[in-house]
Amino acid sequence: MLQVSRLCASYGAIRAVRDVSLEVPEGRLVAVLGANGAGKSTLVRSIAGVHREKTGDVLLDGRPVQRLALHRITRLGLALVPEGRHVVAPLTVAENLSLSTFSGRSRPELLERVYDLFPRLAERRTQQAGLMSGGEQQMLAMGRALMTDPQVLLLDEPSMGLAPSVIDVIYGAIAALHREGQSILLIEQDATRALEVADHAYLLQRGEVAMSGTPAELANSEDIQKAYLG
């Protein structure tokens with residue numbers, strides 16, 4: 001469903017991502033792990049079309065999207081939940097969700113999916129997004145992306161800055177989406193959480209893929225255990 005080939009991304013003279021290739025098969029959950037500064041967020045922002053200083057190929061369901069405008073990439077089925085959430089603070093939950101509705105599925109159908117996944121959003125639908133907790137804003141950011149009915153959902157550090165009980169809710173939703181057949185690329189520093197839900201994983205170090213394999217293969221790696229699993 002998503003194929004990335006020899007992707008490089010820079011900030012001026014600084015090369016943040018170097019020749020990264022990965023794929024997300026249809027209905028699978030693929031994780032990209034790595035420490036702070038490994039290039040994970042730059043990678044996913046480049047895939048989504050947010051970061052433009054890049055080279056390489058990005059194919060969505062066989063179609064090249066790397067040179068398209070961000071809104072066209074989104075309409076073709078690639079939705080990013082960015083690190084830091086970035087909800088529209090003055091708008092209500094319902095208004096935030098309505099901003100992203102343009103797919104072929106009906107708005108009530110998409111809203112029902114989001115509210116079933118996150119009942120807390122249904123309870124808070126009339127509340128201003130900026131007055132919600134960080135965990136609730138993360139739910140809203142995910143719900144907003146799901147309102148585009150994406151072929152591939154890109155999640156950038158969904159657990160960052162959240163309490164363990166909220167992370168449980170977020171990862172419960174990720175697992176539920178996976179069971180529904182949603183294709184997901186998960187960018188995550190918390191290797192333990194990511195490997196629990198992933199079908200396949202890549203380890204990013206200094207902007208390059210240092211290792212890839214099944215969750216069991218990465219979890220059994222001595223380097224992974226020392227650096228990421230304690």
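Which residues of α7 are buried? In this predicted model, the buried residues of α7 are I167, I170, Y171, A173, I174, A176, L177 and H178. The elements that cover them include the strands β3 (29–33), β7 (152–156) and β8 (183–188), together with the helices α4 (107–117), α6 (134–146) and α8 (191–197). Helix α7 runs over residues 164–180, and because each residue should add 1.5 Å, its 17 residues should span 24 Å, which agrees with the 24 Å that separates its end C-alpha atoms. Just after α7, G181 takes a positive phi of about 100°.

Helix α6 can be described in the same terms. Its 13 residues should span 18 Å at 1.5 Å a residue, and the end C-alpha atoms are indeed 18 Å apart. Of these 13 residues 12 are buried, so α6 is largely enclosed by the rest of the structure. The buried residues include G135, E136, Q137 and Q138, as well as R144, A145 and L146, and what covers the buried residues of α6 includes β6 (78–81), α3 (93–98), α4, α5 (119–123), β7 and α7.

A search of the whole structure finds 8 salt bridges, among them the three pairs in the table.

| Salt bridge | N to O distance |
|---|---|
| R28 and D199 | 3.7 Å |
| E136 and R124 | 3.3 Å |
| D168 and R193 | 2.5 Å |

The salt bridge between R28 and D199 links distant parts of the chain, with R28 in the loop between β2 (14–24) and β3, and D199 in the loop between α8 and β9, 171 residues apart. R28 counts as partly exposed because its relative accessibility is 39%, and D199, at 23%, likewise counts as partly exposed.

The side chain of E136 meets that of R124 in a salt bridge, and this pair connects helix α6 with the loop between α5 and α6, 12 residues apart. E136 counts as buried at 7% relative accessibility, whereas R124 is partly exposed, with a relative accessible area of 22%. Both residues belong to a network of salt bridges that links R120, E123, R124 and E136.

In the salt bridge between D168 and R193, D168 lies in helix α7 and R193 in helix α8, so the pair ties together parts that are 25 residues apart in sequence. D168 counts as partly exposed, at 42% relative accessibility.

Finally, strand β9 (residues 200–205) pairs with strand β10 (residues 208–213) in the antiparallel sense over 5 bridges, and Y202 stands opposite S212 in β10. The two strands β9 and β10 form a hairpin with 2 residues between them, where R206 in the turn has a positive phi of about 50°.

Key. Residues numbered from 1 in each chain as written. Predicted model: local features only at pLDDT ≥ 70, side-chain atom pairs only at ≥ 80, totals over all residues. Heavy atoms only, no water. Helix = DSSP H or I, 4+ residues; strand = E, 2+ residues; numbered from the N terminus. Expected span 1.5 Å × (residues − 1). Buried < 20%, exposed > 50% of the residue type's maximum accessible area, 1.4 Å probe, protein only. Contact = heavy atoms within 4.5 Å. Pairing = 2+ DSSP bridges. Salt bridge = Lys/Arg side-chain N within 4 Å of Asp/Glu carboxyl O.
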